[in-house]
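Got your viewer open? Load the model, switch to cartoon, and follow along from stop to stop.

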Amino acid sequence: MRLVTEPDFVTETRIAYDTVAGSYAEELRDLLDASPWDRAMLGTFAELVGGTGPVGDLGCGPGRLTGYLASLGLDVFGVDLSPGMVDAARRAHPGLRFEVGSLAALDLEDGSLAGALAWYSLIHTPPEELPPVVAELARVLAPGGRLLTGFQVGDERRRITQGYGHDVAFDAYRLQPDFVAGLCAAAGLVVEARLVREPQGPYEKTPQACLLARKPG
């Protein structure tokens, strides 16, 4: 679901991911195989929320983690800003549900999710615009539900002009774990665990972080 009046950064992000959708899906398809740390965090998330209700992969891209969470037994669906990414996800995982939508205005009922995954999907929103986005993620979680988010560690904005063999124009923000933990706390979530790891492989230039938070209740 699109916002009625959409910020420029949202439009730029959608256009960029529509542009790279096919090559992105192909290049990153097996990326999780090389990251035991990420699999550990995703596995813990799956263990905590499994069997307690639906899970949203929010900012799902081509669905590679949606499919992985489904393989761990979760009742999971995907939402992404980019129609191109949603099309790629539907082709790759025809048995799962994927919809176009915005993290800032999710078409979901209050308290409807047992879990929400925001895997590198907060990084294209300016940090000062993130509090209502994280509040929206908290809104859709049921009491006791979990949020798992991943992001690059740092303090800077990066202007991306080349990606996956294409010319693009959009921003990405590196974030500090304490800042993201503060956003979660402000939204009423309790951070249960965090992981900061060194960069791996050709796609990572800085440390990477994951935070797992719970909605009290």
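Which residue in β4 is the bridge partner of Val55? Select Gly115 and you have it: Gly115 is the bridge partner of Val55 in β4.

Before going on, some bookkeeping. This is a predicted model, where local features need pLDDT of at least 70 and side-chain atom pairs count only at pLDDT 80 or more, while totals for chains, interfaces and linings use all residues. Residues are numbered from 1 along each chain as its sequence is written, and side-chain values use heavy atoms, with hydrogens and water left out. Helices (H or I, at least four residues) and strands (E, at least two) are DSSP runs, numbered from the N terminus.

**Stop one: β1 and its partners**

Select residues 55-58, which is strand β1. Val55 and Asp57 point one way, Gly56 and Leu58 the other way, and all are buried (under 20% relative accessible area with a 1.4 Å probe, protein chains only; exposed is over 50%, partly exposed in between). Now add β4, residues 113-119: β1 pairs with this strand in the parallel sense over three bridges (strands pair if DSSP finds at least two bridges between them). Next add β2, residues 76-80, which runs parallel to β1 and is joined to β1 by four bridges. Leu58 has Val79 as its bridge partner in β2. To get from β1 to β2, the chain passes through helix α3, residues 64-71, in a right-handed β-α-β crossover: with the strands pointing away from the viewer, the path from the first strand over the helix to the second runs clockwise.

**Stop two: the whole sheet**

Zoom out and colour the strands in the order β3-β2-β1-β4-β5-β9-β8: these seven form an open sheet with mixed pairing. At the edges sit β3 (98-100) and β8, each pairing on one side only. From one strand to the next the twist averages 15 degrees (axes are lines fitted to C-alpha atoms, for helices over the stretch in contact, and angles run from 0 to 180 degrees between N-to-C directions). For an antiparallel pair, pick β8 and β9, which share seven bridges. There, Val190 stands opposite Arg214 in β9.

Helix α6, residues 177-186, packs on the sheet, touching β5, β8 and β9, and its direction makes about 160 degrees with that of β8 (contact means heavy atoms within 4.5 Å).

**Stop three: helix α2**

Put a distance monitor on the end C-alpha atoms of α2, residues 36-49: they are 20 Å apart, which agrees with the 20 Å that its 14 residues should span at 1.5 Å a residue (the expected span is 1.5 Å times one less than the number of residues). Show side chains for Asp38, Met41, Leu42, Phe45, Ala46 and Val49, the buried residues of α2. They cover an arc of only 135 degrees around the axis, which puts them on the same side of α2 (the arc is that of the directions from the helix axis to the C-beta atoms). They pack against β1, α3, β4, β5 (141-152), β8 (190-197) and β9 (208-214). Just after α2, check Gly51, which takes a positive phi of about 80 degrees.

**Last stop: Ala172 and Arg157**

Is Ala172 buried or exposed? Ala172, in strand β7 (residues 166-173), counts as buried because its relative accessibility is 0%. Arg157 lies in strand β6 (residues 157-163). The C-alpha atoms of Ala172 and Arg157 are separated by 5.8 Å, though the two are 15 residues apart along the chain.
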